[in-house]
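This report describes a protein chain by its sheet, its core and its side-chain pairs. Please look at the structure before reading on.

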Amino acid sequence: MAGGCTDADVERVRGRLAKLAGGLPGVVDEDSFGHVGFMVGRKRIAWLLIDHHGDGRLTLAVKAPPGELETLMAADPARYFRPAYVKSWVGVELLEVEPDWAEIGALLEQAWRMTAGKRAVAAYDAEHSGRGQAHGP
């Protein structure tokens, strides 16, 4: 693998992301185009980008509401970036800067909430009331 991204890095990060996303109803991961997509039904909520176009990086691109990217980039430009090809998504650096897994869990949950149906969100909230909405590491 090019750059600083190794197969061990990919497996470690993929496992962590699968654990975070796996706690969200209906989310499945799939290998696609050399990357890993996280889906709710037929809608993608995140991509684990592995050496995207030979950049040697390991990053996450996750669906987000308008303004989220700018807020995160202003707060931590080393960690967050504008991913190529997807508007209104947040890019998260997973190797160059130690990931904030609680924040990544919250971003995945936010993307799921934007995509899942109202009934699924209501059922999830009812099941998780009192435990907080964001997933930890």
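The text below goes through the sheet, the nonpolar core, the charged pairs, the rings and one loop residue.

**The sheet**

The model is predicted. It contains an open sheet of six strands, arranged in the order S1-S2-S3-S4-S6-S5 with antiparallel pairing. Which strands stand at the edges? They are S1 and S5 (residues 80-81); each has a single partner strand, so one side of each has no neighbour in the sheet.

Further in, S2 and S3 run antiparallel and are joined by five bridges. One of the links is between Val36 and Leu48, its bridge partner in S3. S3 also pairs with S4 in the antiparallel sense, over five bridges. Here Leu48 has Leu60 in S4 as its bridge partner. S4 and S6 are likewise antiparallel and joined by five bridges, and Thr59 has its bridge partner, Glu93, in S6.

Why is S4 described as largely enclosed by the rest of the structure? Five of its six residues are buried, so the strand is largely enclosed.

**The nonpolar core**

The largest nonpolar core holds 34 residues, and those that touch the most other members are Leu17, Phe38, Leu48, Leu94, Ile104, Leu108 and Trp112. Both helices and strands contribute: H1 (7-22), S2 (35-40), S3 (43-50), S4 (58-63), H2 (68-75), S6 (89-93), H3 (101-115) and H4 (118-128) each supply at least two residues of this core. The largest share comes from H3, with six residues.

Leu48 gives a view of the packing at one position. Not counting residues up to four places away in sequence, Leu48 touches Val13, Arg14, Leu17, His35, Val36, Phe38, Leu58, Thr59, Leu60 and Leu94. Two of these contacts, Val36 and Leu60, are also bridge partners of Leu48.

**Charged pairs**

Side chains of opposite charge can pair when their charged atoms come close. How many salt bridges are there? The count comes to nine. The table lists some of them.

| Pair | Closest N to O distance |
|---|---|
| Asp9 and Arg12 | 3.6 Å |
| Arg14 and Asp29 | 3.1 Å |
| Arg44 and Glu30 | 3.4 Å |

Asp9 and Arg12 form a salt bridge inside a single helix: both lie in H1, three residues apart, which is about one turn of the helix. Is Asp9 buried or exposed? Asp9 counts as buried because its relative accessibility is 16%, under the 20% limit for buried residues. Arg12 is partly exposed, with a relative accessible area of 45%.

The salt bridge between Arg14 and Asp29 links distant parts of the chain, with Arg14 in H1 and Asp29 in S1 (residues 27-32), 15 residues apart. Asp29 is partly exposed, at a relative accessible area of 34%.

Arg44 and Glu30 also meet in a salt bridge. Arg44 lies in S3 and Glu30 in S1, so the pair ties together parts that are 14 residues apart in sequence. Glu30 is partly exposed, with a relative accessible area of 31%. Some salt bridges share partners, and in this way Arg14, Asp29 and Asp31 are joined into one network.

**Rings**

The structure holds one aromatic pair. It is formed by Trp112 and Tyr124, which are tilted, with 5.0 Å centre to centre and 55 degrees between the planes. Trp112 lies in H3 and Tyr124 in H4, so the pair ties together parts that are 12 residues apart in sequence. Both residues of the pair, Trp112 and Tyr124, are buried.

Rings also meet charged groups. The charged end of Arg44 sits over the ring of Trp47, at 3.9 Å from the ring centre. In the same kind of arrangement, the charged end of Arg57 sits over the ring of Phe81, at 4.5 Å from the centre.

**A loop residue**

Where is Ala64? Ala64 is in the loop between S4 and H2. Its relative accessibility is 4%, so Ala64 counts as buried. Leaving aside neighbours within four places in sequence, Ala64 is in contact with Ser88, Trp89, Val90, Gln110 and Met114. Asp31 is 33 residues away from Ala64 along the chain, and their C-alpha atoms are separated by 22 Å.

Notes. Residues numbered from 1 in each chain as written. Predicted model: local features only at pLDDT ≥ 70, side-chain atom pairs only at ≥ 80, totals over all residues. Heavy atoms only, no water. Core = buried A, V, L, I, M, F, W, Y, C linked by side-chain atoms within 4.5 Å. Buried < 20%, exposed > 50% of the residue type's maximum accessible area, 1.4 Å probe, protein only. Helix = DSSP H or I, 4+ residues; strand = E, 2+ residues; numbered from the N terminus. Contact = heavy atoms within 4.5 Å. Salt bridge = Lys/Arg side-chain N within 4 Å of Asp/Glu carboxyl O. Phe/Tyr/Trp six-rings, centres within 6.5 Å; stacked < 30°, edge-to-face > 60°. Lys NZ or Arg CZ within 6 Å of the ring centre and 35° of its normal. Pairing = 2+ DSSP bridges.
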